[in-house]
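Okay, thanks for squeezing me in, everyone. Let me put the thing on the screen and then we can walk through it together.

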Amino acid sequence: MMHLKITDEIRERCLREAAHDAHINDRIVTSTPQTLAERGMTMLGSTRATPRIRSYLYCDAVDACFYYAGAVPSVVVTARWTADSPDIAEGSKKPQIAAEVVRRMMTAMDKSMKAEKDRQWAAYMEEQKLK
């Protein structure tokens, strides 16, 4: 199984394609999980050192952690809302915006994974020609 870690290049491409670069952590995180979403990532089988991207998805009480689980683009999202939370107030579009950001990031991450697979396959085939 191929594993793809989030690199700066992949991060920049995904954020640009998802039009999400203005609201995302400015670096890839590999430290001990700090947020609930990061902790959820480790509970779902990834290691604490898995490279990941944090986001609050334009909400006040939502936390997201984007990462690759092997070759699969993944996200863990956590939220804690109270009855008077502005995230879910009547007329708020924040949950829909958050869902759209997640969809765009997952699409961009999947595209990056496929491009990396193609690149690795082409490199392998080139290496075979040289033998």
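I'll start with the overall layout, go through the strands, and finish on the last helix.

So, first off, this is a predicted model. There are 3 helices and 3 strands in the chain. If you read along the sequence, you get α-α-β-β-β-α. The chain has 131 residues, and 40% of them count as buried.

Now the strands. Let's begin with β1, which covers residues 53–55. It pairs with β2 in the antiparallel sense, over 3 bridges. If you want one pair to click on, take I53, whose bridge partner in β2 is F66. The hairpin of β1 and β2 has 6 residues between the strands, and in that hairpin L57 takes a positive phi near 50°.

While we're on β1, have a look at R54, which lies in that strand. Is R54 buried or exposed? Well, its relative accessibility is 14%, so R54 counts as buried, given that the cut-off is under 20%. And what does the side chain of R54 make a polar contact with? That would be the side chain of E38, at 3.0 Å.

Next pairing along. β2 is residues 62–69, β3 is residues 72–79, and these two pair in the antiparallel sense as well, over 8 bridges. Here D63 has T78 as its bridge partner in β3. And remember F66, the partner of I53? In β3, the bridge partner of F66 is V75. So how enclosed is β2? Of its 8 residues, 7 are buried, so β2 is largely enclosed by the rest of the structure.

The hairpin of β2 and β3 has 2 residues between the strands, and G70 there takes a positive phi near 70°. In the loop between β2 and β3 you'll also find A71. With a relative accessible area of 16%, A71 is buried. What I'd like you to look at is A71 together with K114: they are 43 residues apart in sequence, and 9.2 Å apart in space, C-alpha to C-alpha.

Okay, on to the last helix, α3, running over residues 94–130. Quick sanity check on its geometry. At 1.5 Å a residue, the 37 residues of α3 should span 54 Å, and the end C-alpha atoms are 54 Å apart, so the two agree. As for burial along α3, the buried residues are A98, V101, V102, M105, M106, A108, M109, S112, M113 and E116.

Last stop is a bit of surface. Which residues form a nonpolar patch there? W121, Y124 and M125 do, and together they have about 340 Å² of accessible area. M125 is in α3. At a relative accessible area of 36%, M125 is partly exposed, because that value falls between the 20% and 50% cut-offs.

To recap, we've got the α-α-β-β-β-α pattern, β2 paired antiparallel with β1 and also with β3, and a nonpolar surface patch that includes M125. That's me done, so shout if you want anything back on the screen.

Terms used
Residues are numbered from 1 along each chain as its sequence is written. This is a predicted model: local features need pLDDT of at least 70, side-chain atom pairs count only at pLDDT 80 or more; totals for chains, interfaces and linings use all residues. Side-chain values use heavy atoms; hydrogens and water are left out. Two strands pair if DSSP finds at least two bridges between them. Helices (H or I, at least four residues) and strands (E, at least two) are DSSP runs, numbered from the N terminus. Patches are made of residues with over 30% relative accessible area and no salt bridge: like charges are joined within 9 Å, nonpolar side chains (Val, Leu, Ile, Met, Phe, Trp, Tyr) within 5 Å. Accessible areas come from the Shrake-Rupley method with a 1.4 Å probe; for residues, only the protein chains shown count as cover. A salt bridge is a side-chain nitrogen of Lys or Arg within 4 Å of a carboxyl oxygen of Asp or Glu. Buried means under 20% relative accessible area, exposed over 50%, partly exposed in between (1.4 Å probe, protein chains only). The expected span of a helix is 1.5 Å times one less than its number of residues. A polar contact is a pair of N or O atoms within 3.5 Å; within protein, one must be able to donate a hydrogen and the other to accept it, and residues adjacent in sequence count only if both atoms are side-chain atoms.
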